[in-house]
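Morning, everyone. Let me put the model on the screen and walk you through a few parts of it.

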Amino acid sequence: MATVIIPTPLRKFTNNTARLQVSGGTIQDTVNELTRNFPDLKKHLLDDGGSIRSYVNIFVGNNDIRDLQQENTAVQEDTVISIVPAIAGGSPDEAPLFTKEELARYNRHIIIPGFGMEAQQKLKKAKVLVIGSGGLGSPVLLYLAAAGVGTLGIVDFDVVDDSNLQRQVLFGIDEIGKPKVEAARRRLAALNPYIQLNIYNTHLNSGNALDILKDYDVIADGTDNFPTRYLVNDAAVLLGKPNVYASIFQFEGQVSVFNYTDGKGNTGPNYRDLYPTPPPPGLVPSCAEGGVLGVLPGIIGSLQALEVIKVITGVGETLSGRFYIFDAVNFESRTFNIKAREDNPISGKNPTIKALIDYEQFCGMRAVEEKPLKEITAKELYDWQVRGEKFQLIDVREPHEYDIVNIGGELIPLATVPDNAARIDAEKKVVIHCKMGGRSAKAIRELEEKFGFTNLYNLKGGILSYIDEVQPELTKY
């Protein structure tokens, strides 16, 4: 097959690929093949009448096709075709300029043979959207920011909880109770002041996903529930964006690259090729229910960041068409080959999904419970106690925390709440608390959703607020 050399200004339209293999019999056939595989390239090569633009020169070997047979010039198997457009001398949009501080910062990248300045420029120009800033999102965001990805978008609607800190290394204790996206922005801006950070403090859903994803080059999926995972996949497919996927549970992690178009214009499989439908609700527990080894998302998230960098720069072979699994207990890894399926409902031979759907209905579960909780402050709880109000007090912390300090609540650790629902009174008021209010909120949402409770109150600020406002003599931890 013939080789086409793509110039730097046009590589952003060929997935950052510099050399392409084509089978065209003439230059016209070659151009048609290129524009068919890379539609965004068409307007830069052809005018409205389908002719090669006057400011684009094409050479076969060292000869201008205008001195040969123009578009009818024959293309042999060993032909090297060079596309040479007019350029303006290096606009900042095409070749990002680095300050001397940035050059010093990225020096260890720039001196790598096969990576160098060109790959670093691609990183600076890139826009990556990271969905979720938790266990996976933390290492992904930290390493992409450190690597110099020019624009990072962060989607997350959650707040920092003390139970996050075992694995979500973006955050510290000072950020507890604050929106994750705002805490992440502060941390990443301190790490690298030369990048742009866009935050979306919202629940990603079918109504906003396309608008948020459309402005980014690569999507990094760090979600923790099936409705959002299928939503991200479908939005990426509909928009033609590569989706770098990762998932974790207990001791095992998964990584792949979905919907990636290679240098030949071939688009790899997506998440629905691997898992056409989700498992039944309740069959696969979440990390909150089943737990996760804290270091595991650091390992898997770092691999996810690596794949994002490879997709952006074109350096190395991505995991497109491959599915990687890591077992931390046995320190074993396996890589499986996966292929696109003709019966894929969004990208197969006869697609039935042509727009985003109701993913909570599709998965039979909610992505996030947004109904506000009933809350009670520490002072209001104390007033109930003084007045002799009849209520039940439940503590959903862990036994070792309860041993440090407690305010007389019945201990039902968060992971055991569903199994102990019968112990919770459905008739009188029930106040549920943890250390700072995050775990108790999760317990309440689960009890309301699965068991229909309507009488539950979350202690705002948890036991720490109660100590501060009511009993300062108790031990804080």
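Start with helix 17: helix 14 (378–387), strand 17 (429–433) and strand 18 (456–459) are among the elements that cover its buried residues. Helices here are DSSP runs of H or I with at least four residues, strands are E runs of at least two, and both are numbered from the N terminus. This is a predicted model: local features need pLDDT of at least 70, side-chain atom pairs count only at pLDDT 80 or more, and totals for chains, interfaces and linings use all residues. Residues are numbered from 1 along each chain as its sequence is written, and side-chain values use heavy atoms, with hydrogens and water left out.

Back to helix 17, residues 462–469. Six of its eight residues are buried, meaning under 20% relative accessible area with a 1.4 Å probe, protein chains only. They are G462, I463, L464, S465, Y466 and I467.

Now the sheet. It is open, has five strands, and runs 14-18-17-15-16 with parallel pairing; two strands pair if DSSP finds at least two bridges between them. Strand 14 (375–376) and strand 16 (410–411) are the edges; each has a single partner strand, so one side of each lacks a neighbour in the sheet.

Further in, strand 15 (residues 391–395) runs parallel to strand 17, joined by five bridges. I394 sits opposite I432 of strand 17. Helix 16 (residues 438–451) packs on the sheet, touching strand 17 and strand 18. Touching means contact: heavy atoms within 4.5 Å. The direction of helix 16 makes about 170 degrees with that of strand 18. Axes are lines fitted to C-alpha atoms, for helices over the stretch in contact, and angles run from 0 to 180 degrees between N-to-C directions.

Key: Buried means under 20% relative accessible area, exposed over 50%, partly exposed in between (1.4 Å probe, protein chains only).
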